[in-house]
Amino acid sequence: MTNPQHDDAGSPGGHRHGVGGGLVSGLATTARALVRHTHTQEYPDVRPDLPPRSRGVIALLAENCTSCMLCARECPDWCIYIESHKEEVPAPEPGGRPRQKNVLDRFAIDFSLCMYCGICIEACPFDALFWSPEFEYAEFDIRDLLHESDRLEGWMASVPPPSLPDPGAVEAKEVGVARTAADKAIAAYEATLAKEREEDRPEGER
Ligand code: SF4
Ligand code: SF4
């Protein structure tokens, strides 16, 4: 029995268009491809125009890091290494108790294991980790993808500034809290200045 979808020779499509028709159709496809705009990027001769918030590499702002270990604990790949020690800080007021403070000794991320999920950045409560769009840090030796803190801190230079909130957006709760605290501090400072000025005035002018 003859298959209606095949010609006598068994080839799909049969000889409906003939050899000439197939040739014309092929040439038309080639011509269309020749004039179509190409999307190939000539990297590395031309750097790609990446969005500023691209997940290229993780940057560390060490001065904000309290060695709380939250990022290392939340990392699904266990590729963040933190070492720290405690130091005693003298009490701010006489008679107070001295305090313990974490001092960061080592912070490293192994980018051969990292899957760029961003959980560490989300988990950090002290704004010590940021995405940088920098991506040109491929290495010949996989061990060199372990970035220590000096390298992670160096990426901070390429971290874009935070984007402005949408016009009309609801103000973040933290901003309101910070503003209230700042207003109180300013009021207390001005009251102290006024009191000192009052005390400095000669007796007769008070
Ligand atoms: S981006 Fe994800 S995998 Fe990479 S260090 Fe952070 S938490 Fe770990
Ligand atoms: S979560 Fe933030 S503050 Fe805590 S150890 Fe990680 S980077 Fe440092």
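## Loops, sheets and two ligand sites

Mentor: Asp127 sits in the loop that runs between H3 and S4. Keep in mind as we go that this is a predicted model.

Trainee: Okay, what is the phi of Asp127, roughly?

Mentor: Asp127 isn't a glycine, yet its phi is positive. You'll find that in the H3 to S4 loop. The value for Asp127 is about 50°.

Trainee: And Tyr116, is that one buried, partly exposed or exposed?

Mentor: Tyr116 belongs to the loop between S3 and helix H3 (119-123). Like any non-glycine worth flagging here, it gets a mention for its positive phi, about 60°. Its relative accessible area is 26%, and buried would need under 20% while exposed would need over 50%, so Tyr116 is partly exposed.

Trainee: Which residue is joined to Tyr43 by a cis peptide bond?

Mentor: Look at the loop between H1 and S1. The bond in question has an omega of about 10°. Tyr43's partner in that cis bond is Pro44.

Trainee: Val46 is in that loop too, I think. How far is its C-alpha from that of Pro92?

Mentor: Right, Val46 lies between helix H1 (18-35) and strand S1 (57-60). Its relative accessibility is 48%, which is not over 50%, so it counts as partly exposed. Val46 and Pro92 are 46 residues apart along the chain. Between their C-alpha atoms the separation is 56 Å.

Trainee: On to S1. Which residues cover its two faces?

Mentor: Side chains in a regular strand alternate between the two faces of the sheet. In S1, both faces are covered and the four residues are buried. One side has Val57 and Ala59, and the other has Ile58 and Leu60.

Trainee: Who is the bridge partner of Leu60 in S4?

Mentor: S1 and strand S4 (residues 129-132) run antiparallel and are joined by 4 bridges. Within that pairing, Leu60 is matched with Leu129.

Trainee: Then there's the open sheet of 3 strands. Which strands stand at the edges, and why is one side of each left without a neighbour?

Mentor: The order is S2-S3-S5, paired antiparallel. The two edge strands each have a single partner strand, so one side of each has no neighbour in the sheet. Those are strand S2 (80-89) and strand S5 (146-147).

Trainee: What stands opposite Ile109 in S5?

Mentor: Strand S3 (residues 99-110) and S5 pair in the antiparallel sense, over 2 bridges. In S5, the residue across from Ile109 is His147.

Trainee: Is His147 buried or exposed?

Mentor: This histidine is part of strand S5. Its relative accessibility comes to 0%, and since the cut-off for buried is under 20%, the verdict on His147 is buried.

Trainee: And how far apart in space are His147 and Pro165?

Mentor: Along the sequence they are 18 residues apart. Going C-alpha to C-alpha, the distance between His147 and Pro165 is 32 Å.

Trainee: Same thing for Ser84: what separates it from Asp183 in space?

Mentor: Ser84 is in strand S2. At 36% relative accessibility it counts as partly exposed. In sequence, Ser84 and Asp183 are 99 residues apart, and in space their C-alpha atoms are separated by 36 Å.

Trainee: Ligands next. Which residues come nearest to ligand 1?

Mentor: The space taken by ligand 1 is the largest cavity. Its shell splits into 11 nonpolar, 1 polar and 1 charged residues. Of the 13 residues around it, the nearest are Cys75, Cys114, Cys117, Gly118 and Cys120.

Trainee: Are Cys75 and Cys120 buried or exposed?

Mentor: Cys75 has a relative accessible area of 10%, and Cys120 is at 8%. The cut-off for buried is under 20%, so the call for Cys75 and Cys120 is buried.

Trainee: Which residues come nearest to ligand 2?

Mentor: Ligand 2 sits in the second largest cavity. Its shell divides into 12 nonpolar, 2 polar and no charged residues. Out of 14 residues around it, the nearest are Cys65, Cys68, Met69, Cys71 and Cys124.

Trainee: With those cysteines about, how many disulfides are there?

Mentor: A disulfide is a covalent bond between the sulfur atoms of two cysteines. The rule asks for a pair of cysteine sulfur atoms within 2.5 Å. By that rule, the number of disulfides is 0.

How values were computed:
Residues numbered from 1 in each chain as written. Chains lettered and ligands numbered in written order. Predicted model: local features only at pLDDT ≥ 70, side-chain atom pairs only at ≥ 80, totals over all residues. Heavy atoms only, no water. Near = heavy atom within 4 Å. 1 Å grid on protein atoms, 1.4 Å probe; cavity = no way out; pocket = protein on both sides within 12 Å on 5 of 7 lines; lining within 4 Å. Sits in = over half its atoms within 2 Å of the grid points. Nonpolar A, V, L, I, M, F, W, Y, C, P; charged D, E, K, R; others polar. Pairing = 2+ DSSP bridges. Buried < 20%, exposed > 50% of the residue type's maximum accessible area, 1.4 Å probe, protein only.
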